[in-house]
Amino acid sequence: MSSILAKSAGRSASAIIGSPPKKRVSLTHPPRTGLALVTPALVFVVVFVIAPLIIAIYISLTNWPLIGGYHFIGFENYIKLFQDPAFGKSIGYTLLYTGIVTVPILVLGYFLAVLVRAKRRGATVLRTIFFLPYVVGLTTLSFILVLEAQPSSGLVNVILKLLNITDGTTAWLVNGPLATGLICVFIVWAVSGLTMVLVMGAMQSIPDEVYEAASLEGASWWQQERLITMPMIKNTIALSVIISVTGSLLAFTQFYILTQGGPGNETQTIVGYIYNRAFVQLQLGAATAEAFVLIIVVGLVTAFQFWALREKKS
């Protein structure tokens, strides 16, 4: 009897050991629930991202006009694109503009953040004043600047005449270098408030005890900024630079309102060039090809920034 029981127990144990483990099924979160929750997001991505991207790739391979018939032409748009000196000039001007405004935006934004980060009387009012131009927006500010940059009557010329810098009759928007300089100063003033907010938030996350310890060690204000503040907020500074560079590469609004790329395409950015090709010359296929080149340029520049600003391991 005992041997029979032992054999049956052995068979049961071997069956238990040899049997594959059963999958644990969640009673509260079955697989169908997860699929139902993800499906709306997948549909949104397919309809509004993947499908338009595929259509845009096809359009870039055609001579698609904005109005009328079209036919497939392969990579002809891309070949003609790199043979167009005006497109290369627009890329060069956009890179020049980006190089001019990036550092001043960061420096001014950092300085404003230092000015308003302390909890002193009037700091909240100053934050509002400095951030207000960014809230108002480039479109509204650009239309205002059109009026204020007029010869003789604009506020820009009135102020410069009072300071004996010009005679007060400068036509800022009909001269390429002057228009570029004015727009660069205008953009630095208009968007530095965003950098200020980002950097100020990072600065306020640094414990006060760190600065108190540095003061006790005899560190000056500049030493505290250079050795404590900047290293501890370097990720935020990198983010601010990436946002600034990307926005500058995609600049369009201020140039379209103030100069429309003139005079003689001297202030034509790459986005403005693409706009004219699509909606003025009605060459939607070529404009789409140019847009893909712009995406590649922005992607390469952004990737280089991530590489250059990466956190190096010691």
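Phe186 and Trp189 both belong to helix H8 (residues 176–204), where they sit 3 residues apart, about one turn of the helix. Helices here are DSSP runs of H or I with at least four residues, numbered from the N terminus. An α-helix has 3.6 residues a turn, so residues three or four places apart point the same way. The model is predicted: local features need pLDDT of at least 70 and side-chain atom pairs pLDDT 80 or more, while totals for chains, interfaces and linings use all residues. Residues are numbered from 1 along each chain as its sequence is written, and side-chain values use heavy atoms, without hydrogens and water.

**Overall fold**

The protein has 14 helices and 0 strands. Of its 314 residues, 34% count as buried, that is, under 20% relative accessible area with a 1.4 Å probe and protein chains only; exposed is over 50%, and partly exposed lies in between. Among contacts (heavy atoms within 4.5 Å) with a separation of 6 or more, 65% join residues 24 or more positions apart.

**Aromatic pairs**

The structure holds 16 aromatic pairs. Rings of Phe, Tyr and Trp (its six-membered ring) pair if their centres lie within 6.5 Å; planes under 30 degrees apart are stacked, over 60 edge-to-face and the rest tilted. Two of the pairs are set out below.

| Pair | Centre to centre | Angle of planes | Class |
|---|---|---|---|
| Tyr93 and Phe255 | 5.8 Å | 80° | edge-to-face |
| Phe186 and Trp189 | 6.3 Å | 40° | tilted |

The pair of Tyr93 and Phe255 links distant parts of the chain, 162 residues apart: Tyr93 lies in helix H4 (residues 85–116) and Phe255 in helix H12 (residues 253–258). Tyr93 is buried at 9% relative accessibility, and Phe255 is buried at 2%. In the H8 pair, Phe186 is buried at 7% relative accessibility, whereas Trp189 is partly exposed at 47%. Tyr58, Trp64, Tyr70 and Phe72 form one aromatic cluster.

**The largest pocket**

Phe186 and Trp189 are also among the residues that line the largest pocket, together with others including Leu141, Glu148, Trp172 and Gly181. On a 1 Å grid over the protein atoms alone, a pocket is an open set of points where a 1.4 Å probe fits, with protein on both sides within 12 Å along at least five of seven lines; lining residues have an atom within 4 Å of a point. The space in this pocket is about 350 Å³, a volume filled by probe spheres set on the grid points, which are joined across faces, edges and corners. H8 gives the most to the lining, with 5 residues; helix H6 (138–148) and helix H7 (155–162) also give two or more. The lining has 10 nonpolar, 1 polar and 1 charged residues, where Ala, Val, Leu, Ile, Met, Phe, Trp, Tyr, Cys and Pro count as nonpolar, Asp, Glu, Lys and Arg as charged, and the others, Gly among them, as polar.

**Nonpolar cores**

A nonpolar core is a set of buried Ala, Val, Leu, Ile, Met, Phe, Trp, Tyr and Cys residues joined through side-chain atoms within 4.5 Å. The largest has 35 residues, and Tyr110, Met203 and Ile233 have the most contacts inside it. Leaving aside residues up to four places away in sequence, Ile233 touches Tyr110, Val199, Ala202, Met203 and Ile206. A second, separate core of 21 residues includes Leu141, Leu145, Ala251 and Leu258.

Helix H13 (270–279) is one of the elements that supply at least two residues of the largest core. It is largely enclosed by the rest of the structure, because 7 of its 10 residues are buried. The buried residues of H13, among them Tyr273 and Arg277, pack against H4, H11 and H14.
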